[in-house]
Protein chains: 2
Amino acid sequence: MTGVISLINGVPADSVASTDRGLHYGDGLFETITCVAGRPRWLPLHLARLRRGCERLQLRFAAFDTLVAEIGALAQGDERCIVKLLLTRGPARRRGYAPEGDETPTRILTRYEWPPASPRAATGLRVGLSAVPLGINPLLAGLKHLNRLEQVLAQAAMRAQGLDEVLMLSSAGHVIGGSMSNVFFADADGLFTPSLSDCGIEGVMRERVCAAAERCGTRVSIRPVSVPELAQVREAFLTNVRWEVQPIAALGGRALSGHDHVQALRRWLDAAPA
Amino acid sequence: MTGVISLINGVPADSVASTDRGLHYGDGLFETITCVAGRPRWLPLHLARLRRGCERLQLRFAAFDTLVAEIGALAQGDERCIVKLLLTRGPARRRGYAPEGDETPTRILTRYEWPPASPRAATGLRVGLSAVPLGINPLLAGLKHLNRLEQVLAQAAMRAQGLDEVLMLSSAGHVIGGSMSNVFFADADGLFTPSLSDCGIEGVMRERVCAAAERCGTRVSIRPVSVPELAQVREAFLTNVRWEVQPIAALGGRALSGHDHVQALRRWLDAAPA
């Protein structure tokens, strides 16, 4: 890959131990951090989620100050770039799922070039429904952990269909979110977005949008969302830290036209501190 | 780790590219192959499952002959050893879940020493019920893929409780299997073992036991198993390629005493070709 620079445990490197538990089990977490004008954006929100993940997985990582310094160093140089962090439980000393508890975590920071925008970013994205279910596990729900085969399968099918994103349903049939984004819908009462207590990722931009909506006086209901509800929706948008707030132009082949909430939220988000 | 030898894509090595999709997403498969007297056991069954996994994940790997030769080479030298294969989709050329489709898979073969037997292996294992659910995803069910955080969490709790194994339930509440084994129960009609169409791993030893039972004239029913049924069970055993057939001495604190099926199956399995 061009423009890729990696720091592994603080040292420029491009390989990890083949015994790493991140590789064997997906035993770790990640964050995708957008950097603009040499500064990582919304870093406290990323780090807060990472801390929640470490607690949930009982992954003992304390070097947050070092991590912040390393992310700051990688953010330099380009007007815009993406810094991806992988934090794994580290190399295993023996075979088997059970962690010993005293592993030394591996932190892998990689700087990527900012990818080109989708040609449909200005007019709205084409979004379908994925046939790949999301397994329900409240112990892992919300976390940005490294078990991502469901998203891999969903995006492989999405690419084949020429879509920009797919909404994924839990194995119980509830709408959870995009394969790489969270989703918000508008109704007469304001906005609603799926509850993530069963599965899905609690996105940094989702959190910012919920806060922005409150400031705008727009109610956001976090609740289970069923598939039949999608047929009633007039406005919907996707969020992640790269896209920020991206309107859905077509959902399952049906055109959506509303943009009122997106415009108001974008004004507030643009004015808010990074 | 002592006694560990690794071959990565055929070359002695101990590290993999930090861009590998196995590390980023758990995008790959594994096999744990037992080797005795310099020979891998039940290799055709391992390879058949690996092929099924490659098809399901659309992971294009063709070098099965090379793989077999490498496993054979690693199996040499010790009376008994474990060879673990990781087969990932390979290094990514760009960021993002979607595979390009033309990645070069990474094969990582590691030889481990045969671990010491549990002190309770002779008398039967102490088994509990895990509080960690298994997410339901029929597209991934049965495969030995690299998304194993559920097993990691289950075994961390199991160790803390001093148990040898835990049975895991699907998020719908069905008994699926052990965290590192399949499970069989005996009733008046013969044996029954959980259906794995929602989640769980189709173990090589499970397949051998089903075949052995048929030869012994014992019926094996593969079907959904509920938690209340466990209270009626008099005989149960766990299977994996290392343990082979291992009786459960206590299930959720209740002693199990039957050994009839285990003894008959062991006689047949010991006589069967490896």
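Into which domains is chain A divided? Chain A comprises domain 1, residues 5-113, and domain 2, residues 125-271. The structure is a predicted model, with an ipTM of 0.97 and a pTM of 0.96. For chain A the mean pLDDT is 95, and 98% of its residues reach 70 or more. The points below treat the relation of the two chains, their contact, and the architecture within each chain.

**Relation of the two chains**

- A turn of 180° with a shift of 0.0 Å along the axis lays chain B on chain A, with an RMSD of 0.0 Å.
- This is therefore the relation of a two-fold axis.
- The same surface serves both copies, since 100% of the contact residues of chain B recur in chain A.

**Contact between chain A and chain B**

- Chain B contributes 51 residues to the contact, and chain A contributes 51 residues.
- On the side of chain B that touches chain A, at least two residues come from each of β1 (5-8), β3 (15-17), α1 (21-25), β6 (80-88), β7 (106-113) and α4 (149-161) of chain B.
- Helix α4(B) provides the largest share of that side, namely 8 residues.
- Sorted by class, the side of chain B that touches chain A holds 24 nonpolar, 17 polar and 10 charged residues.
- Strand pairing also crosses between the chains: β3 of chain A, residues 15-17, pairs with β3(B) in the antiparallel sense over 3 bridges.
- Within this pairing, A:Val16 has B:Val16 of β3(B) as its bridge partner.

**Domain arrangement in chain A**

- The centres of domain 1 and domain 2 of chain A, taken over C-alpha atoms, are separated by 25 Å.
- Across the boundary, 15 residues of domain 1 of chain A are in contact with 12 residues of domain 2 of chain A.
- Strand β4 (28-36) and helix α2 (43-57) of chain A each supply at least two residues of the side of domain 1 that touches domain 2.
- The largest share of that side, 6 residues, belongs to β4(A).
- The class composition of the side of domain 1 of chain A that touches domain 2 of chain A is 4 nonpolar, 7 polar and 4 charged residues.

**The six-stranded sheet of chain A and its helices**

- An open sheet of 6 strands in chain A follows the order β2-β1-β7-β6-β4-β5, with antiparallel pairing.
- Its edge strands are β2 (11-12) and β5 (39-40) of chain A, each of which pairs on one side only.
- Strands β4(A) and β5(A) run antiparallel and are joined by 2 bridges.
- A:Cys35 has A:Pro40, in β5(A), as its bridge partner.
- Helix α2(A) packs on the sheet and touches β4, β5 and β6 (80-88) of chain A, and its direction makes about 180° with that of β4(A).
- Helix α3 of chain A, residues 64-75, lies across β1 (5-8), β4, β5, β6 and β7 (106-113) of chain A, and runs at about 20° to β7(A).

**Parallel strand pairing in chain B**

- Strand β8 of chain B, residues 125-129, runs parallel to strand β16 of chain B, residues 244-251, and 3 bridges join the two.
- In this pair, B:Arg126 stands opposite B:Ala250 of β16(B).
- Strand β8(B) also pairs in the parallel sense with strand β9 of chain B, residues 165-169, over 3 bridges.
- Here B:Gly128 stands opposite B:Val166 of β9(B).

Technical notes. Residues numbered from 1 in each chain as written. Chains lettered and ligands numbered in written order. Predicted model: local features only at pLDDT ≥ 70, side-chain atom pairs only at ≥ 80, totals over all residues. Least-squares fit on C-alpha atoms with pLDDT ≥ 70 in both. Contact = placed C-beta atoms within 7 Å. Helix = DSSP H or I, 4+ residues; strand = E, 2+ residues; numbered from the N terminus. Nonpolar A, V, L, I, M, F, W, Y, C, P; charged D, E, K, R; others polar. Pairing = 2+ DSSP bridges. pLDDT = per-residue confidence, 0-100. Domains from an automatic or database assignment. Axes fitted to C-alpha atoms, helices over the stretch in contact; angles between N-to-C directions.
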